[in-house]
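Subject: The model we talked about

Hi,

Here is the structure for you to open alongside this email. My notes on what turned up in it come straight after.

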Amino acid sequence: RNNPGVVDIPNIIDVGKDKRGDDLLQNAHASDFQWDDAPTLAFPSISTSDFQFNQEKASDVIVETVADFVRKVDNVRLILVDLSPKSKMLSLVKGKASKAKVDTSRFSTHTGDITRLHTEGGLHCNVIANAANWRLKPGGGGVNAAIFSAGGEALEISTKEQAETISPGTSVLVPVPKTSVLYQREGVTYVIHVLGPNMNPQRPNCLKDDYVKGCKILRDAYTSLFENFASLTR
Ligand code: AR6
């Protein structure tokens, strides 16, 4: 293997052959990925739902930071995931990534639940990102609730061992314990919690539509996420 950093994965060999195999073809690029051939990070669109960040601006930041990352780091793959086939973020990012000629063998989008990428999506992503809250607490809805619920108490404990809180624009790398369903069922070995900028007045640290600050924090958040991911492959 070229990437000794991400070796500790369970032996799941039926990728792409589950009962929804035909549906997988609709996720064109993602379905081309081979089991185990490159460390793969699946990530949600940070800040664009509960944190109400402008989706056009967020899609620019995603495409910029992804393009930059795949140019610099070899043999890794990134997949932007969202739940709904009608996701505006996925279509914005797909369009902009294609315009920017981002290598489709390195970056793709996928519709589905980020906590069931293997069992429902036929993908193997060793690492998944979470759009977290500053206390790194479970619940609260969105992808954070889904990841903590799939990760179970083991993920909560493992998260606490790494950090108690997180600041906007940064991320925390957390090993997924082998006892966790996320590890056993999905083959996820790390979760990277990311705190993005918040534009929702009902949530802490609201930036009140200051998109100069907001875009900078969002860029920092993705850069930190991708750097943490790359550190696993070195
Ligand atoms: N799989 C894939 N994508 C998902 C899933 C899932 N299971 N669930 C949601 N998304 P959000 P934020 C997408 O609101 O805006 C939490 O309460 C969703 O469609 O989860 O950064 C935290 O505790 C959207 O595209 O995160 C924070 O307080 C993306 O994930 C706050 O929300 C992010 O939506 C963070 O807000």
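Let me start in the middle of the fold, with Leu 80. Setting aside residues up to four places away in sequence, Leu 80 is in contact with Phe 43, Pro 44, Ser 45, Ile 62, Leu 90, Val 93, Phe 107, Ser 108, Thr 109 and His 110. Leu 80 belongs to strand β2, and with a relative accessibility of 1% it is buried. One pairing to look at is Leu 80 with Ala 42: 38 residues separate them in sequence, yet their C-alpha atoms are 5.9 Å apart.

Before going further, please keep in mind that this is a predicted model.

The overall picture

The protein chain has seven helices and six strands. Reading from the N terminus, the order is α-α-β-α-β-α-β-β-α-β-α-β-α. Of the 234 residues, 51% are buried. Among contacts with a separation of 6 or more, 73% involve residues 24 or more positions apart. The chain exposes about 11,300 Å², and 49% of that comes from carbon and sulfur atoms.

Helix α4

Residues 88-99 form α4, which has 12 residues and spans 17 Å from first C-alpha to last, close to the 16 Å expected. Which of its residues are buried? They are Met 89, Leu 90, Leu 92, Val 93, Lys 96 and Ala 97. Looking down the helix axis, these buried residues fall within an arc of 165°, so they line one face of α4. In general, an α-helix has 3.6 residues a turn, so residues three or four places apart point the same way. Ser 98 and Lys 99 are exposed on the other side of α4. The cover over the buried residues of α4 includes α3, β2 and β3. Two of those buried residues, Leu 90 and Val 93, are also on the contact list of Leu 80.

Both ends of α4 have something to show. At the N-terminal end, Ser 87 acts as a cap, with a side-chain oxygen 3.4 Å from the backbone nitrogen of Met 89. Just after the helix, Lys 101 has a positive phi of about 55°.

Helix α3

α3 has 18 residues and reaches 26 Å from its first C-alpha to its last, close to the 26 Å expected. Its buried residues are Ala 58, Ser 59, Val 61, Ile 62, Val 63, Thr 65, Val 66, Ala 67, Phe 69 and Val 70. They pack against β1, β2, α4, β3 and α7. At the start of α3, a side-chain oxygen of Asn 54 comes to within 3.0 Å of the backbone nitrogen of Glu 56.

The ligand

There are 24 residues around the ligand, and Ser 47, Asp 82, Asn 133, Gly 140 and Val 143 come nearest. Several backbone atoms sit at polar-contact distances. For Asp 50, a backbone N or O atom is 2.9 Å from a ligand oxygen. For Ile 114, a backbone N or O atom is 2.9 Å from a ligand nitrogen. A polar backbone atom of Val 143 lies 2.8 Å from an oxygen of the ligand. On its own the ligand would expose 700 Å², and the protein buries 91% of that.

Ser 47 deserves a second look. It sits in the loop between β1 and α3 and counts as buried, at 5% relative accessibility. Its phi is near 75°, a positive value in a residue other than glycine.

Leu 136 and His 193

Leu 136 also has a positive phi, about 55°, although it is not a glycine. Leu 136 is in the loop between β4 and α5, and at 7% relative accessibility it is buried.

Leu 136 is one of the residues that His 193 touches; others, leaving out those up to four places away in sequence, include Asn 130, Ala 132, Phe 148, Ile 166 and Val 174. Is His 193 itself buried or exposed? It is buried, with a relative accessible area of 0%. His 193 is found in strand β6, residues 190-194. Its side chain makes a polar contact of 3.1 Å with the side chain of Thr 159.

Cheers

Terms used:
Residues numbered from 1 in each chain as written. Predicted model: local features only at pLDDT ≥ 70, side-chain atom pairs only at ≥ 80, totals over all residues. Heavy atoms only, no water. Helix = DSSP H or I, 4+ residues; strand = E, 2+ residues; numbered from the N terminus. Expected span 1.5 Å × (residues − 1). Buried < 20%, exposed > 50% of the residue type's maximum accessible area, 1.4 Å probe, protein only. Arc of directions from axis to C-beta. Contact = heavy atoms within 4.5 Å. Polar contact = N/O pair within 3.5 Å; in protein donor to acceptor, adjacent residues only side chain to side chain. Areas by Shrake-Rupley, 256 points an atom, 1.4 Å probe, with all protein chains shown as cover. Near = heavy atom within 4 Å.
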